[in-house]
Amino acid sequence: MSDYEEQVVITCVKSLQHCTICEVPPTMQEKLRLKWPLRTHESMKSQVRRQRSQNIDKTDPSWVHPITNFSWAHPYTNIHQAMMMDILHQLYKGVVEYMNSWVNRHFARKRRHRASRGIRDKSFTTMLDYRFKQVPPFTGLKRFHSQRFSKVRQWTGNEYRDMIRQYAVVIAPLIKGEDAGVMLFIRAVLDFVTLSEYHSHTDETLGYLNHALERIDDLKYTLQGTSSDKPINFNFPKFHVLSHYTDFIRYYGSLVNYNSSTQENFHKILLKEYYDRTNKQDNYEEQILKHNTRRVNVQAMQGIISFRSTMRTIDENHSSLDSRSNKLSPTMDLTDYPLTDASRIRLQDLGLSQRSWRLVADIASRLSIDGLIEAVAIFVQEHRARRGPTDDREVSASSSHGRVHKDNLSGFANLPMQLHSSLSCYKFDGKDTRDPNKRTKEIIRCSEDWRNSGSPRCDFVWVQEYGCLDKSTSEVEQIQGRMIGRSILFITVKDVECEPGPDGQFPRYYGTILSMMRLRNKGRAHAIHGMIEFEDSPVPEHTAPKTGRNGKIRCYDIQTVHRSVHAVPARLDDNNRLWYVNNFIDWDSYNTLFNSDWREENKREVKKVKRRLGRQ
Ligand SMILES: [Zn+2]
């Protein structure tokens with residue numbers, strides 16, 4: 001039982017004044033840190049007795065409906081503890097929706113104050129709509145780009161979830177320094193919701209949830225405005241109920257299993273769909289029930305089969321690792337790419353199809369990418385060195401840190417190459433509690449004309465540049481030797497200058513050409529909005545002393561690509577120089593992209609805000 005009004009009917013408490021679970025006084029509901037005695041059948045009965053004997057009337061804060069509750073006949077239950085936490089009604093339709101309206105109200109009020117001093121700003125709603133439009137595509141993410149965000153009327157659970165995944169990144173540039181508290185409040189709410197949706201919990205994750213709750217409690221007053229403004233009332237049950245979340249997760253486990261959007265969806269599956277399969281005669285209800293019984297039986301059988309199969313494959317984890325390695329999509333048709341006579345002859349000599357092969361130099365000139373040939377040269381040399389030195393040329397090349405001399409490029413420029421439009425990677429999603437190492441596939445795309453829109457889509461990726469524990473680099477710990485690059489090409493190079501392998505084939509190397517980005521603040525997440533920032537500007541020369549990769553255009557083996565980055569422009573103007581890494585986009589990003597001292601940092605920032613508000 002999950003929606004508040006439904007809970008009120010069943011527990012007989014006073015609507016909008018009472019918590020269905022505990023005895024919090026109506027005016028104390030805003031204090032999220034405080035705990036109150038839980039309601040029990042006994043406490044309700046004695047309250048009803050007291051009301052009768054002392055003639056307590058409805059206006060009394062403790063008054064409850066004087067009705068004999070059906071659950072009192074069941075002594076082994078407590079109806080008040082059966083009131084489940086609910087992500088859809090309490091978090092999405094409750095706190096998240098309120099947060100959005102409070103934030104909008106806060107900035108509308110500021111705009112009015114500024115207007116009274118003669119300064120005219122654009123409305124916050126317009127800017128928010130515009131920011132939602134700016135969000136680049138990400139596999140599985142619903143974007144609010146065709147319809148204005150403020151005009152969306154039909155909100156389903158999925159829409160709320162996708163809004164939460166992009167809210168921080170959308171709102172961050174709209175919030176100025178003096179409103180740091182508002183940004184911290186938004187982050188606290190988003191943290192709370194995101195953590196509540198974990199599929200499994202430990203003391204540690206519940207500690208984080210509690211930390212988010214305390215931040216919400218501390219920072220809510222930042223939205224109050226000045227004393228002349230009408231204050232926000234935080235004394236309402238959907239706000240107070242947040243204080244019960246950690247306890248209920250301890251009792252009942254992950255809340256995902258109790259999400260009521262599943263049950264609401266069942267109206268569709270269990271009734272409407274099966275009604276169409278009946279003959280609509282008198283006994284149609286019986287027919288629907290039979291369909292349901294059969295469905296449940298099939299599901300039970302599926303459950304048993306899936307359980308048995310996971311029991312068997314536990315020992316085979318090593319072989320399944322192979323299926324997790326990154327893979328390129330099929331090769332692209334290069335018929336439209338120009339071909340010089342010399343190139344045609346070379347491809348013919350090598351016995352390669354003109355449809356899918358070109359020489360490196362042809363592609364570099366067709367796409368006018370500066371530094372492509374050098375990048376491919378370093379990439380090929382690295383692979384040759386891995387195969388073991390076979391002649392003097394390679395020994396000297398690897399000893400000079402892989403750097404390629406300009407005069408030696410022509411050999412690499414004449415290597416045949418194929419292009420691909422996407423790369424599949426694997427990331428953790430934290431959804432399978434039986435297998436925490438389970439990964440889901442993610443497709444990284446690079447297309448000149450994305451879905452015939454006329455504009456390109458070149459996804460950003462995390463790529464491993466240094467060893468994870470390489471202390472010689474100046475990057476901070478949580479980046480773990482990774483850098484961000486924007487994919488320009490996915491390639492296969494056939495090394496026809498090399499000795500063929502034992503199978504008589506020339507080796508093929510699979511790589512991605514990236515335009516490297518420069519991490520701001522050495523990759524440390526921002527103290528207020530919590531996101532890593534990067535810019536599209538020349539990268540420092542010293543960033544890759546070991547591999548010899550230099551400059552902005554680099555080529556990496558596809559196995560060093562970790563996963564995609566959901567990068568969102570950090571400015572409202574369109575020059576796209578500065579970007580945020582959206583860490584709310586999925587479980588994997590949320591769990592890897594944070595400063596190691598984030599808790600202390602957060603506490604410090606919250607303290608500063610409280611001092612400014614005078615609520616020390
Ligand atoms: Zn309560």
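The following paragraphs go through a zinc site, a cavity and two sheets in a predicted model.

The zinc ion is held by four protein donors: the SG atoms of Cys19 and Cys22, and the NE2 atoms of His240 and His244. These donors lie 2.0 to 2.3 Å from the zinc ion. The angles that the 4 donor atoms subtend around the zinc ion run from 103 to 118 degrees, so the arrangement is tetrahedral. The criterion behind this assignment is that four donors count as tetrahedral if all angles lie between 85 and 135 degrees. For comparison, the ideal angle at a metal with four tetrahedral donors is 109.5 degrees.

Along the sequence, the donor residues follow the spacing C-x2-C-x217-H-x3-H. Distant parts of the chain are linked by the pair Cys22 and His240, which are 218 residues apart. Of these two, Cys22 sits in the loop between α1 and α2 (41-54), while His240 belongs to helix α8.

The next feature is a cavity. The model has 1 cavity of 30 Å³ or more, and the volume of the largest cavity is about 60 Å³. Its lining consists of Tyr4, Gln7, Cys19, Thr20, Ile21, Gln90, Pro237, Lys238 and Val241. Cys19 therefore appears in two roles, as a lining residue of the largest cavity and as a donor to the zinc ion through its SG atom. By class, the lining residues comprise 5 nonpolar, 3 polar and 1 charged. Helices α1 (4-11) and α8 (237-240) each contribute at least two residues to this lining. Where does the largest cavity lie with respect to domain 1 and domain 2? Both domain 1 (4-82) and domain 2 (87-258) give residues to the lining, so the largest cavity lies between them.

Further along the chain are the two sheets. One is an open sheet of 4 strands in the order β1-β4-β5-β6, with antiparallel pairing. Its edge strands, each paired on one side only, are β1 (327-328) and β6 (457-458). Strand β5 (residues 439-447) runs antiparallel to β6 and is joined to β6 by 2 bridges. Across this pairing, Cys446 stands opposite Cys458 in β6.

The other open sheet also has 4 strands, here in the order β10-β11-β15-β14, and its pairing is antiparallel. The edges are formed by β10 (518-519) and β14 (567-569), each of which pairs on one side only. Between β10 and strand β11 (residues 532-535) there are 2 bridges in the antiparallel sense. Leu519 has Phe534 in β11 as its bridge partner.

How values were computed:
Residues numbered from 1 in each chain as written. Predicted model: local features only at pLDDT ≥ 70, side-chain atom pairs only at ≥ 80, totals over all residues. Heavy atoms only, no water. Pairing = 2+ DSSP bridges. 1 Å grid on protein atoms, 1.4 Å probe; cavity = no way out; pocket = protein on both sides within 12 Å on 5 of 7 lines; lining within 4 Å. Points joined across faces, edges and corners; volume = space filled by probe spheres on them. Nonpolar A, V, L, I, M, F, W, Y, C, P; charged D, E, K, R; others polar. Domains from an automatic or database assignment. Donors = N, O, S within 2.8 Å, 3.2 Å for Na, K, Ca; no water. Tetrahedral: all angles 85-135°; square planar, octahedral: opposite > 155°, others 65-115°.
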